[in-house]
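Work through the exercises below with the model open. Each task is followed by a stepwise solution.

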Amino acid sequence: MSTLQVGVSADTQRDPACVHYVRDCINSTAQRAIANVSTELLLLDTGRHLFPLSVNHGGEARDNSYVVSPQTGYCAYALHELAQLQQPWLTAPLRALVQLIGRGMAAAQLDRIVHINNWLLSTNLYPADWHGDDIAAITALCRERWPQHAISLRSLNRFSNSALLDALRQHGYLAVPSRQVYLFDGRAGAASAFLRRHNVRLDQALLRQSPYRVRDGATLDDADFDRLQQLYDMLYLDKYSRLNPQYSAHWLRCGQRDGWLQLQVLQNSDGRIDGVLGIFARDGILTAPIVGYDTTLPQQLGLYRLLTRLCLQHAQQRQQVLNFSAGAAHFKRLRGGRPEIEYSMVHIAHLSWPRRLMWRALAAVLQAVAVPLMRLLKR
């Protein structure tokens with residue numbers, strides 16, 4: 001195990017995307033790479049892998065995004081999701097339960113936490129060859145440096161991370177359910193399962209007939225990135241929730257330039273960009289942290305359908321698994337998305353008993369109440 005270091009002097013040849021990502025975020029303080037993310041970002045060098053590592057001390061802003069804040073993810077965002085259900089008989093008791101848990105989380109300082117391999121995305125991806133063989137050494141290193149912090153890994157599911165989940169459990173990590181995500185297996189011999197779906201074929205026909213031109217991010221001008229941020233904001237912040245990470249034009253520009261984000265845009269005949277897709281890929285799995293479109297335009301244009309088809313096209317052409325994250329559940333199911341419960345794995349053995357108790361209570365309530373509801377309501 002080598003030293004824990006800020007990602008400005010690491011060997012870029014081993015994992016250039018990771019080094020550039022951490023360096024870009026660290027050097028973007030003035031531009032606020034992600035407006036509502038307050039965290040200390042470091043680079044964890046295990047000697048074999050490099051991981052972005054975020055450290056929160058528990059006193060950050062209340063509106064800190066869920067990508068670094070369990071308080072936001074399990075309380076504020078949960079309350080937002082409950083409001084969307086519009087079923088008072090169900091939401092009223094659940095709201096009371098979430099508010100009670102939220103007070104307990106705040107008292108137990110659950111936001112005092114270290115996240116390993118945290119790319120500050122809704123969905124983190126893990127190296128295919130990392131099965132947690134060195135997790136004991138990584139945990140010991142983090143415990144020594146941050147003895148008052150929980151240690152966590154986000155975005156794990158049984159389909160993609162089975163061996164890693166088992167290794168973490170064996171080393172005492174607690175499984176805390178977070179949400180239900182949707183996977184599309186684009187590997188050879190499997191992709192036909194979703195390609196045959198009626199809605200996928202309709203989306204493909206729409207893309208063929210669309211007046212929009214698909215442009216690669218490498219062809220964009222600097223001024224275009226302000227428009228891309230606007231499109232992302234329209235969907236993820238204005239339509240969904242401002243608790244989602246608020247990525248800046250600068251962050252998008254760095255991602256395209258340094259190769260850790262691959263952008264595509266939909267441009268109309270007048271040259272205006274009306275849709276954006278950003279692909280993040282690691283070792284056979286890809287996800288789309290950036291999806292945005294002009295929500296003021298007529299729904300008949302099918303901009304979200306076009307962007308979804310481009311996502312599935314990436315999975316098919318690369319023969320990779322697409323983790324299409326959460327949200328728009330019915331839409332994704334119609335296109336063959338496979339639901340999987342996603343977990344955060346949290347190491348708490350070194351914390352005080354009241355803090356351990358709160359983490360265990362949170363995990364138990366989520367497993368007993370939230371997971372069955374997600375499956376029942378198909379959220």
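**Exercise 1. A threonine and its contacts**

Task: Which residues does Thr91 touch, not counting residues up to four places away in sequence?

Solution.
- Step 1. Thr91 touches Leu82 and Leu85 once those sequence neighbours are set aside. The model is a predicted one.
- Step 2. Place the residue: Thr91 lies in helix 3, which covers residues 88-107.
- Step 3. Check accessibility. The relative accessible area of Thr91 is 5%. Buried means under 20%, so Thr91 is buried.

**Exercise 2. A leucine in helix 5**

Task: Is Leu164 buried or exposed, and which residues is Leu164 in contact with, leaving aside neighbours within four places in sequence?

Solution.
- Step 1. Leu164 belongs to helix 5, residues 158-170.
- Step 2. Its relative accessible area is 3%, so Leu164 is buried.
- Step 3. Leave aside the neighbours within four places in sequence. The contacts of Leu164 are then Tyr126, Trp130, His131, Gly132 and Leu156.
- Step 4. Add a distance. Asp129 and Leu164 are separated by 35 residues in sequence, and their C-alpha atoms are 9.8 Å apart.

**Exercise 3. Two helices that cross**

Task: Describe how helix 8 and helix 9 cross, and list the residues that meet.

Solution.
- Step 1. Two packed helices are described by the angle between their axes and the distance between the axes.
- Step 2. Take helix 8 (residues 224-240) and helix 9 (residues 249-258): their axes come within 8 Å and cross at roughly 115°.
- Step 3. Classify the angle. Helix 8 is therefore roughly perpendicular to helix 9.
- Step 4. Assign the hand: the crossing of helix 8 with helix 9 is right-handed.
- Step 5. List the contact. Helix 8 supplies Phe225, Asp226, Leu228 and Gln229; helix 9 supplies Ala249, Leu252, Arg253 and Gln256.
- Step 6. Sort these residues by type. The contact of helix 8 with helix 9 has four nonpolar, two polar and two charged residues.

**Exercise 4. Helix 10: span and burial**

Task: How many of the 16 residues of helix 10 are buried, and what span does helix 10 reach from its first C-alpha to its last?

Solution.
- Step 1. Helix 10 runs over residues 303-318 and reaches 23 Å from first to last C-alpha. That is close to the 22 Å expected at 1.5 Å a residue.
- Step 2. Count burial. Twelve of the 16 residues are buried, so helix 10 is largely enclosed by the rest of the structure.
- Step 3. Name some of them. The buried residues include Tyr304, Thr308, Arg309, Gln313 and His314.
- Step 4. Look past the end of the helix. Gln319 follows helix 10, and its phi is positive, near 55°.

Key: Residues numbered from 1 in each chain as written. Predicted model: local features only at pLDDT ≥ 70, side-chain atom pairs only at ≥ 80, totals over all residues. Heavy atoms only, no water. Axes fitted to C-alpha atoms, helices over the stretch in contact; angles between N-to-C directions. Helix = DSSP H or I, 4+ residues; strand = E, 2+ residues; numbered from the N terminus. Parallel < 35°, antiparallel > 145°, perpendicular 65-115°, else oblique. Left-handed = near helix turned anticlockwise from the far one by under 90°. Contact = heavy atoms within 4.5 Å. Nonpolar A, V, L, I, M, F, W, Y, C, P; charged D, E, K, R; others polar. Expected span 1.5 Å × (residues − 1). Buried < 20%, exposed > 50% of the residue type's maximum accessible area, 1.4 Å probe, protein only.
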